[in-house]
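Work through the exercises below with the model open. Try each task before reading its solution.

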Amino acid sequence: MKIGFIGLGNMAKAMIGGMLQEGIVEREDVVGSARTEETLERIEEEFHIATFKDNRQVAEEADVIVLAVKPLFLHEVIGEIRDAVTKDKLIISIAAGKNMEWLEGVFGKKIRLIRCMPNTPALVGAGCTAVCCNDLAGSEDERLCLDLMESFGKAIVIPERLMDAAGAVGGSSPAFAFLFIEAMADGAVKAGMPRKQAYEFAASAMMGSAKMVLEAGMHPGELKDMVCSPGGTTIEGVAVLEEKGMRAAVIEAISACVEKSKRL
């Protein structure tokens, strides 16, 4: 089985790195294409895989084709590879906002198609990927896709109607988390802590908190209550966050991401 990546940006790099590290595929079974020689040379040097400037060549060689370009370029790319995509090839798209009806319409035919929405923590093997399949992609296709996506984190099968929400809460929210880490570190720096140490404390606290949510089997509200001692420092800080509208702001931010995804 040969896997071809059309587009070799950060997300494709994370996916290729995870697949190779976990032994899901061998280097000789991965090919990729990109627009610039600089990108091709960098990927060849890092992963020792075959790369091309011609998207169609990747589509012809690969059994599984991963569309890893920005939504803006997807229509053009599909036009280049459309004729090379036969019924025995599996298409995996990671483009935000482009649903399966749109993709099939641009291909102009029914194809074995899976939509995925990975996120940037895949770069450190801690991604969370939403997965949904069309009616031609069978259980073996779904299992293959899950194996590939789980090589760099968690993968969850959802109905397509939830993909915009998954893109917001999974794909966009790391940026919100980075903002929160930066803001917490700024607060610690204001209190006299060195910047580097402040980032270590803030990031470690965020990582540990997320791990507790995933592994403790408790509601986030319960975990929050465990930290908030009566009359203590934490509840004082929580009160400020509530007063400033943090909860409402985050909900509105997620909703804005969902709406933007629908307009892509």
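**Exercise 1. The nonpolar patch**

Task: Find which residues make the nonpolar surface patch, and which helices supply at least two of its residues.

Solution. Start with the members. Phe180, Met184, Leu241, Met246 and Val250 form a nonpolar surface patch of about 360 Å². The rule for a patch: its residues have over 30% relative accessible area and no salt bridge, with like charges joined within 9 Å and nonpolar side chains (Val, Leu, Ile, Met, Phe, Trp, Tyr) within 5 Å. Areas are computed by the Shrake-Rupley method with a 1.4 Å probe, and for residues only the protein chains shown count as cover.

Next, the helices. H7 (163-190) and H11 (246-263) each give at least two residues to the patch. Helices here are DSSP runs of H or I with at least four residues, strands are runs of E with at least two, and both are numbered from the N terminus.

Now take one member. Met246 sits in H11. Its relative accessible area is 33%, so Met246 is partly exposed. The cut-offs: buried is under 20% relative accessible area, exposed is over 50%, and partly exposed lies in between (1.4 Å probe, protein chains only).

Before going on, note the ground rules. This is a predicted model, where local features need pLDDT of at least 70 and side-chain atom pairs count only at pLDDT 80 or more, while totals for chains, interfaces and linings use all residues. Residues are numbered from 1 along each chain as its sequence is written, and side-chain values use heavy atoms, with hydrogens and water left out.

**Exercise 2. Helix crossings**

Task: Describe how H7 and H11 cross, then do the same for H4 and H5 and for H1 and H2.

Solution. Two packed helices are described by the angle between their axes and the distance between the axes. Axes are lines fitted to C-alpha atoms, for helices over the stretch in contact, and angles run from 0 to 180 degrees between N-to-C directions.

- The axes of H7 and H11 come within 9 Å and cross at roughly 130°. H7 is therefore oblique to H11. The classes are: under 35 degrees roughly parallel, over 145 roughly antiparallel, 65 to 115 roughly perpendicular, and the rest oblique. The H7 and H11 crossing is right-handed. That term means the near helix is turned clockwise from the far one by less than a right angle; anticlockwise would be left-handed.
- H4 (residues 71-81) and H5 (residues 100-107) have axes that come within 9 Å and cross at roughly 45°. H4 and H5 are therefore oblique to each other. H4 passes H5 with right-handed sense.
- H1 (residues 10-21) packs on H2 at about 20°, with the axes 12 Å apart. That makes H1 roughly parallel to H2. The crossing of H1 and H2 is right-handed.

**Exercise 3. Salt bridges**

Task: How many salt bridges does the count give, and what does the pair Glu76 and Arg35 tie together?

Solution. Side chains of opposite charge can pair when their charged atoms come close. The rule: a side-chain nitrogen of Lys or Arg within 4 Å of a carboxyl oxygen of Asp or Glu. The count comes to 15 salt bridges.

Take Glu76 and Arg35. Their side chains meet at 3.4 Å, N to O. Glu76 lies in H4 and Arg35 in the loop between strand S2 (30-33) and helix H2 (37-47), so the pair ties together parts 41 residues apart in sequence. Glu76 is partly exposed at 41%. Arg35, at 51%, counts as exposed.

Now compare a pair within one helix. Arg56 and Glu60 form a salt bridge at 2.9 Å, N to O. Arg56 and Glu60 are four residues apart in H3 (residues 55-61), so about one helical turn separates them. Arg56 is partly exposed at 31%, and Glu60 is partly exposed at 45%.

Then Asp186 and Arg195. This salt bridge spans 2.5 Å, N to O. Asp186 is partly exposed at 36%, and Arg195 is partly exposed at 36%. Elsewhere, Glu104, Lys110 and Asp135 are joined into one network by salt bridges that share partners.

**Exercise 4. A backbone angle**

Task: What is the sign of phi at His48, and is His48 buried or exposed?

Solution. Most residues other than glycine have a negative phi. His48 is not a glycine, yet has a positive phi of about 55°. His48 lies in the loop between H2 and strand S3 (50-52). With a relative accessible area of 57%, His48 is exposed.
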